[in-house]
Amino acid sequence: MELAGRVALVTGGAHRVGRAIALALAEAGADVAIAYHRSGAEAAGTVEELKRCGADSDAFRADLAVPAEAARLAEAVANRLGPVDALVNSASWFARDEFPSDDTGTWYRTFDVVVHGPFHLSNAVAPSMLDRGGGAIVNIVDLSAWQPWPGRAAHSVAKAALLALTRQSAVELAPTVRCNAVALGPTIQPAKFGPDQIERLRRRTLLGRWSGGEEAGRAVRYLLEAGAVTGECLTVDGGEQYGHVRDRFTD
Ligand SMILES: NC(=O)c1ccc[n+]([C@@H]2O[C@H](COP(=O)([O-])OP(=O)(O)OC[C@H]3O[C@@H](n4cnc5c(N)ncnc54)[C@H](OP(=O)(O)O)[C@@H]3O)[C@@H](O)[C@H]2O)c1
């Protein structure tokens, strides 16, 4: 799909990885809607940056853990910029949880943001894509989609479900709408990570570095444009998934 003149919607687009994806799509010529929840000031700043790239752009507040807000978001974007041609589900909720535990709040919150949000949003934009004869969806996951991460049961199972939703959507919406995923490794350091944690994650990659948001944006752009690719997951992790075997046979 040629992105020039299309309408893209990026959830979690106010800052960090979502912002980098939104900028990559604007640079490819798309008009870009960003969805935010709490980061209104950052969203306004990102919209200005997107406009400087030549895109028409606006920011839309939505709590994607609430099903009705996904449909309302899709409608608001369509009214302001036009129906969504390219949907990128980047919003996420990354919390540690105990398993077993009496407190199931994190489990449900994580599923609401990571799985139910993308499901309801895909459900809201797909009918128009099918009617208009084209569209593409990219979901953002990480290695926990196929590697269970200790102490992150909700996150890992939810990302696995999001990858399954990607493949299921590819089947359900073919041949008109393509659906793919990008699995990121260490990309942009969270502010709450200490130097030791940042260094440990850097060393876990084969390439020895955090990848940066531009690489995430490049991968998403590729999958939105790649007319023969659907149901695929592109891993952009600096080799993190093979880091653990690097030193295995050195003796
Ligand atoms: N950063 C990395 O190195 C890295 C590594 C691997 C995978 N990833 C994946 O890349 C994506 C983006 O990561 P990130 O680090 O940039 O994200 P982040 O800093 O964890 O921020 C989470 C994003 O999700 C949005 N969000 C959370 N709850 C929401 C809700 N209820 N409704 C709507 N939006 C909600 C937030 O919006 P507001 O701020 O507006 O509330 C925010 O933009 C995620 O899918 C993540 O799993 C990132």
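Here are a few exercises with worked solutions on a predicted model of a protein chain with a ligand.

**Exercise 1. The fold along the chain**

Task: Find how many helices and strands the protein chain has, and in what pattern they follow along the sequence.

Solution: Start with the count, which gives seven helices and seven strands. Next, walk along the sequence and note each element in turn; the pattern reads β-α-β-α-β-α-β-α-β-α-β-α-α-β. Then turn to the overall dimensions. The radius of gyration is 18 Å, close to the 18 Å from the globule rule for 251 residues, so the protein chain is as compact as a globular protein of that length. Along the principal axes, the C-alpha atoms fill a box of roughly 60 × 40 × 40 Å.

**Exercise 2. The site of the ligand**

Task: Locate the ligand and work out which elements give two or more residues to the shell around it.

Solution: Begin with the pockets: the ligand sits in the largest pocket. Helix H1 (16-27), helix H4 (105-132) and strand E5 (135-142) are the elements that each give two or more residues to the shell. The largest share comes from E5, with three residues. Now sort the shell by character: 13 of its residues are nonpolar, eight are polar and six are charged. Finish with the residues that come nearest among the 27 around the ligand, namely Arg16, His37, Arg38, Ser39 and Asp63.

**Exercise 3. Polar contacts of the ligand**

Task: Look for N or O pairs within 3.5 Å and decide which part of Arg38, Asp63 and Ser92 takes part, backbone or side chain.

Solution: Take Arg38 to begin with, where a backbone N or O atom lies 2.8 Å from an oxygen atom of the ligand. Ser92 also uses its backbone, with a polar atom 3.1 Å from a ligand oxygen. For Asp63 the side chain is involved: one of its N or O atoms is 2.8 Å from a nitrogen atom of the ligand. As a last step, consider the cover: of the 900 Å² of accessible area that the ligand has on its own, the protein covers 86%.

**Exercise 4. Backbone details**

Task: Check the peptide bonds before Pro100 and Pro175, then the phi angle of Arg16.

Solution: The bond joining Phe99 and Pro100 is cis, with omega about 5°. Pro100 lies in the loop between strand E4 (86-89) and H4. From Ala174 to Pro175 the peptide bond is cis too, with omega near 0°. For Pro175, the location is the loop between helix H5 (153-173) and strand E6 (177-184). Finally, Arg16 is not a glycine, yet its phi is positive, at about 55°. Arg16 belongs to helix H1, and you have already met it among the residues nearest the ligand.

Notes:
Residues numbered from 1 in each chain as written. Predicted model: local features only at pLDDT ≥ 70, side-chain atom pairs only at ≥ 80, totals over all residues. Heavy atoms only, no water. Near = heavy atom within 4 Å. Polar contact = N/O pair within 3.5 Å; in protein donor to acceptor, adjacent residues only side chain to side chain. Areas by Shrake-Rupley, 256 points an atom, 1.4 Å probe, with all protein chains shown as cover. 1 Å grid on protein atoms, 1.4 Å probe; cavity = no way out; pocket = protein on both sides within 12 Å on 5 of 7 lines; lining within 4 Å. Sits in = over half its atoms within 2 Å of the grid points. Helix = DSSP H or I, 4+ residues; strand = E, 2+ residues; numbered from the N terminus. Nonpolar A, V, L, I, M, F, W, Y, C, P; charged D, E, K, R; others polar. Rg over C-alpha atoms; globule rule 2.2 N^0.38 Å.
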